[in-house]
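Grab a coffee and open the viewer: here are some exercises to work through with the model beside you. Try each task before you read its solution.

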Amino acid sequence: MAAPGGGPGAGGGGSFVRYRVPRRADQTVLDVVTWVQRHLEPALAYRFACRVGMCGSCAMTVNGRPRWTCRSHVGKVAPEGRLEIAPLPNLPVIRDLVTDMTGFFDKWQAAGGRFAPTATRRDPPARIAPASPARKAADAGIECINCGVCYGACGVVGARPDYLGPAALNRAWTLVNDARHGEVPGVLRAVSRDDGCHGCHSQGSCTAHCPVGLDPSAAIAGLKRRTLLDLLGGEGRS
Ligand code: SF4
Ligand code: SF4
Ligand code: FES
């Protein structure tokens with residue numbers, strides 16, 4: 001496990017420390033980290049909040065793969081019982097297993113990810129047909145828990161840190177398809193820049209790693225289509 005005083009990838013390089021932790025039934029990777037912190041390494045820094053897959057704060061690299069740790073069972077991810085736990089890739093390390101998510105969230109803003117309502121609270125609620133293609137596209141990406149797992153798994157982010165990344169672009173696609181959003185042209189401009197959707201290599205690592213089953217790769221494909229149609233002044237947007 002990466003501890004203490006920095007993990008692999010931290011500014012100073014970091015190092016691994018080996019711990020022995022008792023096995024328990026239904027033990028999660030987060031349980032292991034917590035046991036180490038409570039019994040062996042009180043200064044160990046790591047992040048979690050909900051422990052039930054809602055808050056997105058517990059993501060780490062487990063045996064080389066970015067994962068949420070509160071719902072990753074040791075028996076499934078490391079049946080032989082050996083875990084190598086490190087901070088998420090593609091993010092600066094603050095200490096031990098804690099990464100600085102500032103750049104990750106700044107990119108949500110840079111991708112135009114802030115909702116801009118067209119209605120006021122005095123207006124009646126918008127009526128959006130659940131079966132409409134746009135509503136379905138928006139719904140498909142809306143349950144993102146901001147965990148950063150897809151971002152850590154994305155090779156393009158690793159190669160060029162300015163790339164907006166799968167989570168911010170997935171958010172942008174939900175807004176492009178949200179009939180209540182008043183800034184769709186702004187989103188399309190933001191994601192069309194050099195660091196935007198056209199930098200994606202479409203190999204789907206983000207989708208393969210997303211713990212809640214979202215498909216950022218498909219969202220980015222939608223943005224690519226939509227921005228090209230806009231560039232060509234085309235019709236038939238979807
Ligand atoms: S499909 Fe695109 S965003 Fe997803 S991991 Fe690959 S390059 Fe990154
Ligand atoms: S798209 Fe999935 S992996 Fe990426 S931040 Fe959202 S929930 Fe996490
Ligand atoms: S602790 Fe909240 S998602 Fe893992």
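## Exercise 1: the shell around ligand 1

Keep in mind that this is a predicted model. Ligand 1 has 13 residues around it, and those that come nearest are Cys154, Tyr163, Cys200, Gly204 and Cys206.

**Task.** Work out which elements give two or more residues to the shell around ligand 1, and how the shell divides into nonpolar, polar and charged residues.

**Solution.**
- Step 1. Look at the helices: H9 (205–209) and H10 (216–232) are the elements that give two or more residues to this shell.
- Step 2. Sort the shell by residue type, and you get seven nonpolar, six polar and no charged residues.
- Step 3. Pick a residue from each of the two helices. Histidine 209 lies in H9 and is buried, because its relative accessible area is 17% and the cut-off for buried is under 20%. Isoleucine 220 lies in H10 and is buried as well, with a relative accessible area of 1%.
- Step 4. Try two C-alpha distances. Isoleucine 220 and cysteine 154 are 66 residues apart along the chain, and their C-alpha atoms are separated by 13 Å. For histidine 209 and isoleucine 128, 81 residues apart along the chain, the separation is 31 Å.

## Exercise 2: the shell around ligand 2

**Task.** Say where ligand 2 sits and which residues are around ligand 2.

**Solution.**
- Step 1. Find the site: ligand 2 sits in the largest cavity.
- Step 2. List the neighbours. One run in the sequence is Cys144, Ile145, Asn146, Cys147, Gly148, Val149 and Cys150; the others are Ala167, Cys210, Pro211, Val212 and Pro216.
- Step 3. Sort them: 10 are nonpolar, two are polar and none is charged.
- Step 4. Follow Ala167 into its helix. Ala167 is one of the buried residues of H7, a helix (residues 166–176) that is mostly covered, with 11 of its 11 residues buried. Arg171 and Asn170 are also among the buried residues of H7, along with Trp173 and Thr174.

## Exercise 3: two odd backbone angles

**Task.** Explain why a positive phi is worth a second look, then place asparagine 146 and serine 202 in the fold.

**Solution.**
- Step 1. Start with the general rule: most residues other than glycine have a negative phi, so a positive one stands out.
- Step 2. Check asparagine 146, which is not a glycine yet has a positive phi of about 60 degrees. Its place is in the loop between helix H4 (133–141) and H5. Asparagine 146 is partly exposed, with a relative accessible area of 28%, and it is one of the residues around ligand 2.
- Step 3. Do likewise for serine 202, where phi is positive and near 65 degrees. Serine 202 is found in the loop between helix H8 (184–192) and H9. At 47% relative accessibility, serine 202 counts as partly exposed.

## Exercise 4: the aromatic rings

**Task.** Say how many aromatic pairs the structure holds, then work out which parts the pair of phenylalanine 104 and tyrosine 151 ties together.

**Solution.**
- Step 1. Count the pairs: the structure holds five.
- Step 2. Take phenylalanine 104 and tyrosine 151. Their rings are 5.2 Å apart, centre to centre, with 80 degrees between the planes, which makes the pair edge-to-face.
- Step 3. Phenylalanine 104 lies in helix H3 (residues 102–110) and tyrosine 151 in helix H5 (residues 149–153), so this pair ties together parts 47 residues apart in sequence.
- Step 4. Check the burial. Phenylalanine 104 counts as buried at 2% relative accessibility, and tyrosine 151 counts as buried at 4%.
- Step 5. Move on to phenylalanine 105 and tryptophan 108, a tilted pair at 6.3 Å centre to centre and 50 degrees between the planes. These two are three residues apart in helix H3, so about one helical turn separates them. Phenylalanine 105 is partly exposed at 35% relative accessible area, whereas tryptophan 108 is buried at 15%.
- Step 6. Put the rings together: Phe104, Phe105, Trp108 and Tyr151 form one aromatic cluster.

## Exercise 5: a charge and a ring

**Task.** Find the ring that the charged end of arginine 51 sits over.

**Solution.** Go to phenylalanine 48: the charged end of arginine 51 sits over this ring, 5.2 Å from its centre.

Conventions: Residues numbered from 1 in each chain as written. Chains lettered and ligands numbered in written order. Predicted model: local features only at pLDDT ≥ 70, side-chain atom pairs only at ≥ 80, totals over all residues. Heavy atoms only, no water. Near = heavy atom within 4 Å. 1 Å grid on protein atoms, 1.4 Å probe; cavity = no way out; pocket = protein on both sides within 12 Å on 5 of 7 lines; lining within 4 Å. Sits in = over half its atoms within 2 Å of the grid points. Nonpolar A, V, L, I, M, F, W, Y, C, P; charged D, E, K, R; others polar. Helix = DSSP H or I, 4+ residues; strand = E, 2+ residues; numbered from the N terminus. Phe/Tyr/Trp six-rings, centres within 6.5 Å; stacked < 30°, edge-to-face > 60°. Buried < 20%, exposed > 50% of the residue type's maximum accessible area, 1.4 Å probe, protein only. Lys NZ or Arg CZ within 6 Å of the ring centre and 35° of its normal.
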